[in-house]
Amino acid sequence: MAIKFNPIFGTLLVVVATILLHVYDAQGGRKEVILGGWKPITDVTVPEIVEIGKFAVDEHNKKAKTNLVFQKIIKGESQVVEGINYRLVITAKDGDSPHNYLAEVWDKPGKKSRSLTYFEECKLEATKCLFI
């Protein structure tokens, strides 16, 4: 016994599946990296992220002729562009007193290219430091 394919049924199946996928996406069912969108960094203690934080402090020290000492990263977010932008809230010591800094670093991993694009002291409590 052969099964006949009904084109109307096939079209209806595709339409229903498409609608269900759109509803699933709208409810946050599928998580994707949106090109150009900022995404929180869930673990700022990952060695790669710590390395980027240290780089930010070192580059700032070179440009501003300061002697900040990297302590830790409080929070951060990343953005996939032609490479990756990192926005970090960093604690660094200036002499004996720790201060919080906002830093942005652009990194192109395959090309081994990295640059500090923003570095500024945050006068607020670390958890309230926001990026412009």
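## Exercises on a chain with paired strands

Lys65 counts as exposed, because its relative accessibility is 73% and exposed means over 50%, buried under 20% and partly exposed in between, with a 1.4 Å probe and protein chains only. The model is predicted, so that local features need pLDDT of at least 70 and side-chain atom pairs count only at pLDDT 80 or more, while totals for chains, interfaces and linings use all residues. Residues are numbered from 1 along each chain as its sequence is written, and side-chain values use heavy atoms, with hydrogens and water left out.

### Exercise 1: Lys65

Task: State where Lys65 lies and describe its phi.

Solution. Begin with the place: Lys65 belongs to the loop between helix 2 (47–64) and strand 2, where helices (H or I, at least four residues) and strands (E, at least two) are DSSP runs numbered from the N terminus. Then turn to the backbone, where Lys65 has a positive phi of about 55° although it is not a glycine.

### Exercise 2: The order and pairing of the strands

Task: Give the order of the elements from the N terminus on, then work out how strand 2 pairs with strand 1 and with strand 3, and how strand 4 pairs with strand 3 and with strand 5.

Solution. Step one is the inventory: the chain has two helices and five strands, and from the N terminus on they run α-β-α-β-β-β-β.

Step two takes the pairs in turn, with two strands said to pair if DSSP finds at least two bridges between them. Strand 1 (residues 38–40) is joined to strand 2 (residues 69–81) by three bridges, and the two run antiparallel; here Pro40 has Glu77 in strand 2 as its bridge partner. Strand 2 also pairs with strand 3 in the antiparallel sense, over eleven bridges, and Gln79 has Asn85 in strand 3 as its bridge partner. Strand 3 is joined to strand 4 by eleven bridges, again antiparallel, with His99 in strand 4 as the bridge partner of Ala92. Strand 4 and strand 5 (residues 113–122) are antiparallel too, over nine bridges.

Step three looks at the turns. Strand 2 and strand 3 make a hairpin with one residue between them. In the hairpin of strand 3 and strand 4 there are two residues between the strands, and Gly95 takes a positive phi near 75°. The hairpin of strand 4 and strand 5 has four residues between them, and Lys112 in its turn has a positive phi of about 55°.

### Exercise 3: Buried residues with polar or charged side chains

Task: Are Arg87, Asn85 and Asp107 buried or exposed, and which side chains do Arg87 and Asp107 meet in polar contacts?

Solution. Start with strand 3 (residues 83–94), which holds Arg87 and Asn85. Arg87 is buried because its relative accessible area is 16%, and Asn85 is buried because its value is 11%. The side chain of Arg87 makes a polar contact of 3.3 Å with that of Glu104; such a contact is a pair of N or O atoms within 3.5 Å, where within protein one must be able to donate a hydrogen and the other to accept it, and residues adjacent in sequence count only if both atoms are side-chain atoms.

For Asn85, neighbours within four places in sequence left aside, the contacts (heavy atoms within 4.5 Å) include Trp38, Gln79 and Trp106. The C-alpha atoms of Asn85 and Lys108 are separated by 8.8 Å, although these residues are 23 apart along the chain.

Move next to strand 4 (residues 97–108), where Asp107 lies; Asp107 is buried because its relative accessible area is 5%. Asp107 stands opposite Arg114 in strand 5, and a polar contact of 3.0 Å joins their side chains. Beyond its neighbours within four places in sequence, Asp107 has contacts that include Ile52, Gly83 and Tyr86.

### Exercise 4: The whole chain

Task: What share of the residues of the chain counts as buried, and what share of contacts between residues at least 6 apart in sequence joins residues at least 24 apart?

Solution. Take burial as the opening step: of the 132 residues of the chain, 30% count as buried. Then take the contacts: among those between residues at least 6 apart in sequence, 46% join residues at least 24 apart.
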